[in-house]
Amino acid sequence: MYSEKVMETFKNPKNVGEVENYNAIGTVGNASCGDIMQITLRIEDDVIKDAKFKTFGCAAAIASSSVATDMIIGKTVEEALNIKNKDVVQTLEGLPPQKIHCSVLAEEAIKEAIENYRKNNGGK
């Protein structure tokens, strides 16, 4: 059902937890499956210096969170906003059709965290 990459990432996720002194947070959920994803970011000079996640969900949700946070560390805010769920799916070497929503949650959590950052920093 899951690719080897999904299972490896699920068993050994990166960036688990909460960024110390974060200045951006995004929390999203999917009511139909019960997955909840929270991403915290530390943004300095428009660059994401650190990203971590807390996810309640299936293997695909946890793997998507891990990969998504890994993908945005070191990127500018604009570069991070350009990461789409299909990029997460591709990095994970595929997800079953019924699990694509997990990659969508990752994209949405990144966007929500960046919106939170902009709201708290004068819309920059």
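Modeller: Two residues are in contact when heavy atoms lie within 4.5 Å. Keep that cut-off in mind. This is a predicted model, and every value here is computed from it.

Colleague: Which residues does Ala63 contact, once its neighbours within four places in sequence are set aside?

Modeller: Four residues qualify by the 4.5 Å cut-off. They are Val6, Thr9, Phe10 and Leu92. Ala63 itself lies in helix H2.

Colleague: Why is Ala63 called buried?

Modeller: Buried means under 20% relative accessible area. Ala63 has 0%. That value is under the cut-off, so Ala63 is buried.

Colleague: How far apart are Ala63 and Pro96, in sequence and in space?

Modeller: They are 33 residues apart in sequence. From C-alpha to C-alpha, Ala63 and Pro96 are 13 Å apart.

Colleague: Let us turn to the helices. What makes H1 roughly perpendicular to H2?

Modeller: Start with the angle. The axes of H1, residues 4–11, and H2, residues 59–72, cross at roughly 80°. They also come within 8 Å. Angles of 65 to 115 degrees count as roughly perpendicular. The crossing angle falls in that range, so H1 is roughly perpendicular to H2.

Colleague: Which residues make the contact between H1 and H2?

Modeller: H1 brings Val6, Thr9 and Phe10. H2 brings Ala59, Ile62, Ala63, Ser66 and Val67.

Colleague: How do the residues of that contact divide into nonpolar, polar and charged?

Modeller: Six are nonpolar, two are polar and none is charged. Ala, Val, Ile and Phe are among the residues that count as nonpolar. Thr and Ser fall under polar, because they are on neither the nonpolar nor the charged list.

Colleague: Now the whole protein. How many helices and strands are there?

Modeller: There are five helices and three strands. Along the sequence the pattern reads α-β-β-β-α-α-α-α.

Colleague: What makes the protein as compact as a globular protein of its length?

Modeller: Set two numbers side by side. The radius of gyration is 13 Å. For 124 residues the globule rule gives 14 Å. The two are close, so the protein is as compact as a globular protein of that length. Its C-alpha atoms fill a box of roughly 45 × 25 × 25 Å along the principal axes.

Colleague: What share of the residues is buried?

Modeller: Buried residues make up 45% of the 124. The accessible surface comes to about 6400 Å². Carbon and sulfur atoms hold 48% of that surface.

Colleague: What share of the contacts with a separation of 6 or more joins residues 24 or more positions apart?

Modeller: The share is 60%.

Colleague: How do you know that Ile110 is buried?

Modeller: Its relative accessible area is 2%. The cut-off is under 20%, so Ile110 counts as buried. Ile110 sits in helix H5, residues 100–120. Leaving out residues up to four places away in sequence, Ile110 touches Ile39, Ala68, Ile72 and Ala80. Ile43 is 67 residues away along the chain, and its C-alpha atom is 12 Å from that of Ile110.

Colleague: Why does Met1 count as exposed?

Modeller: Exposed means over 50% relative accessible area. Met1 has 70%, so Met1 is exposed. Met1 belongs to the segment before H1. Met1 still touches Pro96, Gln98 and Lys99, not counting residues up to four places away in sequence.

Colleague: Asn15 and Glu93 come next. What is the phi of Asn15?

Modeller: Asn15 has a positive phi of about 65°, although it is not a glycine. Asn15 is in the loop between H1 and strand E1. Glu93 also has a positive phi, of about 60°, and is not a glycine. Glu93 lies in the loop between helix H4 and H5.

Colleague: Are these two residues buried or exposed?

Modeller: Asn15 has a relative accessible area of 18%. That is under 20%, so Asn15 is buried. Glu93 has 57%. That is over 50%, so Glu93 is exposed.

Colleague: Last one. Which residues does Asn116 touch, not counting residues up to four places away in sequence?

Modeller: Asn116 touches Asn23, Ala24 and Ile25. Asn116 has its place in helix H5. The C-alpha atoms of Asn116 and Ile36 are separated by 17 Å, with their positions 80 residues apart along the chain.

Technical notes
Residues numbered from 1 in each chain as written. Predicted model: local features only at pLDDT ≥ 70, side-chain atom pairs only at ≥ 80, totals over all residues. Heavy atoms only, no water. Axes fitted to C-alpha atoms, helices over the stretch in contact; angles between N-to-C directions. Helix = DSSP H or I, 4+ residues; strand = E, 2+ residues; numbered from the N terminus. Parallel < 35°, antiparallel > 145°, perpendicular 65-115°, else oblique. Rg over C-alpha atoms; globule rule 2.2 N^0.38 Å. Buried < 20%, exposed > 50% of the residue type's maximum accessible area, 1.4 Å probe, protein only. Areas by Shrake-Rupley, 256 points an atom, 1.4 Å probe, with all protein chains shown as cover.
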